[in-house]
Amino acid sequence: MKPYISVVVKPTLFCNTDCKHCYHTPEERVPGRMSHETLERLIRMVSEEYESAWFIWHGGEPLTMPMSFFKDAIELQEEHFGKGSFRYGNTVQTNGLQLNRRFMAYCRSKAINVGVSYEGPFNNVLREGDVSKALSALSSKENKYSVSATICRETALHQREIYEHFRGDGTNVSFSPVIPAGCARCNGTVPDPDEYIRGSIEVFDEWLHDSEHDVPLIPHYLYILNYLGDPMPADCAHTSCLTKWLCVNPNGDIYPCAKACPEEFLMGNINTVGSIDEAFRSEGFRRILLGSVKRREKCASCPIFSYCNGGCSMDAYHECGLEENGGDSCRIFREVFSHVSSEIQYILDNQPDMSGYNRFVRDAIVGKLINPGTVSL
């Protein structure tokens with residue numbers, strides 16, 4: 001058995017809102033749902049080929065599915081992986097509009113993580129509906145969720161304000177830029193890279209010296225771990241993800257990534273392939289693998305290549321072509337990571353009083369000083 005895989009499951013592409021940056025076009029976001037047979041076959045095949053798996057329920061909007069669908073999914077996982085086996089885990093990524101106490105209570109009982117796509121005070125820039133009403137109805141002590149904030153042209157310089165909005169109630173927040181795919185390809189929502197870099201560095205500097213609030217900041221915290229560590233933790237956009245991720249659409253079509261993956265990379269259908277391994281031997285997967293290798297060969301001489309692994313293949317595909325580097329996402333990572341790593345290297349070299357630093361930074365640095373190694377760009 002292979003050790004581990006992440007599986008993004010899109011049980012429906014239908015959505016109850018119309019976000020300006022969605023990489024599924026309105027023509028794709030139509031009613032329709034994954035059948036029980038497709039769901040069961042997917043979970044069974046993954047359990048037979050992998051020691052463990054993490055399922056990310058995505059869409060469309062997954063909570064437009066009835067709660068019975070998620071109960072069926074958990075029951076199938078318990079059947080095929082073994083109840084209480086710790087071989088599987090789950091995250092639901094939602095726009096939050098249909099969150100309620102009943103669903104959150106079920107998530108607590110089954111240890112399901114909940115991620116909400118939400119930009120706090122700037123939520124109406126990209127999204128319809130007021131998710132704050134649903135979130136305020138939940139008890140913060142009982143219901144834990146994390147926030148994914150998508151940064152667009154209008155909010156690129158407001159990342160610090162978004163962080164400040166969430167840190168007070170201890171909500172974990174992650175930032176990512178709009179990519180030029182789907183609805184965002186030509187509607188002006190993709191952020192200016194220089195402004196995104198500036199905003200990202202500003203929010204990192206605020207978080208770095210925030211000793212009062214106990215939340216990580218993603219991806220910046222992962223950049224720190226990446227810089228310090230061996231093995232190197234990384235966000236999915238800056239790791240060698242191919243063969244480690246799958247995305248399955250409502251009809252069972254398999255793709256190597258959930259992020260605006262075009263049909264040329266189709267890996268077959270879960271209802272017709274004999275195994276997950278067979279899907280990874282498909283022509284569609286071969287195309288994305290070969291293109292990614294060619295791009296990474298061009299990146300190999302870059303001083304931070306070992307930290308970014310050539311970046312996200314789908315970001316590259318939509319920015320300048322799968323085989324090409326140097327797009328906006330490349331520039332953003334290079335500038336932000338270089339700033340983060342220089343701040344961490346300063347601490348390692350000078351060992352200042354750490355009481356004024358964020359607790360997550362203190363813990364990472366102390367761990368490195370206890371178990372030192374060579375860290376340099």
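N90 sits in strand β3, which covers residues 88-94. In this predicted model, N90 is tucked away from solvent: its relative accessible area is just 2%, so it counts as buried, the cut-off being under 20%. The side chain of N90 has a polar partner there, as a polar contact of 2.9 Å joins it to the side chain of Q77. Leaving aside residues up to four places away in sequence, N90 touches W54, F55, W57, I74, Q77, A111, I112 and N113. Q77 thus turns up both in the list of residues that N90 touches and as its side-chain polar partner.

Zooming out to the whole protein chain, the fold is built from 13 helices and 9 strands. The radius of gyration comes to 21 Å, close to the 21 Å that the globule rule gives for 377 residues, so the chain is as compact as a globular protein of that length. Taken along the principal axes, the box that the C-alpha atoms fill is roughly 60 × 50 × 45 Å.

As for packing, buried residues make up 52% of the 377 residues, and N90 is one of the buried ones. Among contacts with a separation of 6 or more, 71% come from residues 24 or more positions apart.

On the outside, the protein chain exposes about 16800 Å², and carbon and sulfur atoms supply 50% of that area. Turning to charge, the chain carries 37 positive and 49 negative charges, and the mean positions of the two sets lie 4 Å apart.

Methods: Residues are numbered from 1 along each chain as its sequence is written. This is a predicted model: local features need pLDDT of at least 70, side-chain atom pairs count only at pLDDT 80 or more; totals for chains, interfaces and linings use all residues. Side-chain values use heavy atoms; hydrogens and water are left out. Helices (H or I, at least four residues) and strands (E, at least two) are DSSP runs, numbered from the N terminus. The radius of gyration is taken over C-alpha atoms; the globule rule is 2.2 Å times the number of residues to the power 0.38. Buried means under 20% relative accessible area, exposed over 50%, partly exposed in between (1.4 Å probe, protein chains only). Contact means heavy atoms within 4.5 Å. Accessible areas come from the Shrake-Rupley method with a 1.4 Å probe; for residues, only the protein chains shown count as cover. Lys and Arg count as positive and Asp and Glu as negative; His and the chain ends are not counted. The place of a charge is taken as NZ of Lys, CZ of Arg, CG of Asp or CD of Glu. A polar contact is a pair of N or O atoms within 3.5 Å; within protein, one must be able to donate a hydrogen and the other to accept it, and residues adjacent in sequence count only if both atoms are side-chain atoms.
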